[in-house]
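Biologist: I should like to learn how a protein interface and a DNA-contacting surface are read from a model. Could we take them in turn?

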Protein chains: 2
Amino acid sequence: MRITTKGRYGLVIMLYLANHYKNDEYITLKEISESENISLKYLEKIMISLNKSDFLKSLRGSDGGYKLAYEPKNYTIKEILNVSEGNLDIVTCLNSEHECPKKDNCSSIKLWKGLNDVIDDYLSNKTLADFMEE
Amino acid sequence: MRITTKGRYGLVIMLYLANHYKNDEYITLKEISESENISLKYLEKIMISLNKSDFLKSLRGSDGGYKLAYEPKNYTIKEILNVSEGNLDIVTCLNSEHECPKKDNCSSIKLWKGLNDVIDDYLSNKTLADFMEE
DNA sequence: TTGATTTCCTACCATAAAGGTAGTAAAATA
DNA sequence: TATTTTACTACCTTTATGGTAGGAAATCAA
């Protein structure tokens with residue numbers, strides 16, 4: 001049961017951009033890569049998913065880079081993880097694409113739904129702003 | 001972010017035994033396998049971890065099988081998942097064996113600790129008895 | 001004491017996911 | 001035109017998942 005580097009690094013990127021939001025400058029992945037000690041090429045790959053959603057602005061060329069499209073408080077951790085990590089369902093049985101044929105008389109599904117709810121509640125109610133440097 | 005079949009099936013086994021606890025009979029994996037439609041061989045493998053902990057009694061031979069060593073209410077979901085699934089840390093950074101060198105000035109670690117706490121709280125406060133058939 | 005049953009134990013294996021690397025095209029700027 | 005930086009595609013190694021196979025050892029009933 002764990003979040004992989006995709007989700008973690010995705011959040012690292014978003015937090016970095018949030019911490020530089022007030023300057024309104026484009027930040028290069030090179031800068032993030034060096035500051036956070038994560039391979040540039042891997043960050044690029046993760047960025048593809050983040051950039052497909054509408055929450056970033058990007059610019060190519062020198063002085064280019066990325067910046068947040070909105071204020072940090074507008075990004076919930078849940079939506080960021082959903083984009084960078086992918087599916088957050090704790091068990092496949094809860095996923096509509098892999099629905100379990102026995103789900104209606106399964107005694108453990110209540111457990112998984114309950115767990116899913118507490119996780120969902122936490123991730124939906126925290127935003128980037130809650131974890132920025134002061 | 002998900003629990004694998006090891007954890008899920010481990011819980012299925014434990015819930016099955018809990019639901020038959022009052023009869024005080026040994027239950028065979030064959031019965032559970034047929035009832036829950038899970039390969040006997042795979043259940044055997046999962047059973048090895050469950051049986052290494054002290055919460056089951058086992059007996060070989062005909063009329064043998066497994067039963068709970070204690071009442072269902074004495075088993076928290078957390079300890080069952082810990083045994084059948086293995087490590088439940090949501091990110092590797094929280095695991096003492098893979099401690100992150102940057103953890104002291106990492107802004108996302110607060111997020112993971114918070115998430116870990118709500119999950120831990122939920123799993124520690126639910127027992128097998130909470131999910132038994134009435 | 002033999003046969004059936006069931007746990008116990010070890011080894012193996014195919015597929016998918018994780019965690020990247022490499023190379024290049026396209027855009028933007030100086 | 002050269003440099004910088006994103007955008008895109010392809011590839012690769014290692015680990016984890018989700019099993020299967022075969023047999024040994026214990027237990028009980030006939």
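**Reading the two surfaces**

Modeller: In this predicted model, chain B and chain A together bury about 3,100 Å², and 68% of that area is on carbon and sulfur atoms. On the side of chain B, Met1(B), Leu111(B) and Tyr122(B) lose the most area to chain A, together 24% of what that side buries.

Biologist: How many salt bridges and how many residue pairs in polar contact does the rule find across this interface?

Modeller: A salt bridge requires a side-chain nitrogen of Lys or Arg within 4 Å of a carboxyl oxygen of Asp or Glu. By that rule there are zero salt bridges between chain B and chain A. Polar contacts, by contrast, join eight residue pairs, both residues being at pLDDT 80 or more.

Biologist: Which element gives the largest share of the side of chain B that touches chain A?

Modeller: H5(B) does, with nine residues. By class, this side of chain B comprises 19 nonpolar, six polar and seven charged residues.

Biologist: Which residues come nearest to DNA strand C?

Modeller: Of the 26 residues around the strand, these are Ser39(A), Lys41(A), Lys45(A), Ser58(B) and Tyr66(B). Sugar and phosphate make up 67% of the atoms of DNA strand C that come within 4 Å of the protein.

Biologist: What polar contacts illustrate this surface?

Modeller: Asn51(B) places a polar side-chain atom 2.8 Å from a phosphate oxygen of DNA strand C. A side-chain N or O atom of Arg60(A) is 2.9 Å from a sugar or linking oxygen of the strand, whereas Gly61(B) uses a polar backbone atom, 3.3 Å from a sugar or linking oxygen.

Terms used: Residues are numbered from 1 along each chain as its sequence is written. Chains are lettered from A and ligands numbered from 1 in the order in which they are written. This is a predicted model: local features need pLDDT of at least 70, side-chain atom pairs count only at pLDDT 80 or more; totals for chains, interfaces and linings use all residues. Side-chain values use heavy atoms; hydrogens and water are left out. Buried area is the accessible area (1.4 Å probe) that two parts lose on being put together, summed over both. A polar contact is a pair of N or O atoms within 3.5 Å; within protein, one must be able to donate a hydrogen and the other to accept it, and residues adjacent in sequence count only if both atoms are side-chain atoms. Helices (H or I, at least four residues) and strands (E, at least two) are DSSP runs, numbered from the N terminus. Ala, Val, Leu, Ile, Met, Phe, Trp, Tyr, Cys and Pro count as nonpolar, Asp, Glu, Lys and Arg as charged, and the others, Gly among them, as polar. A residue is near a molecule or strand if one of its heavy atoms lies within 4 Å of it.
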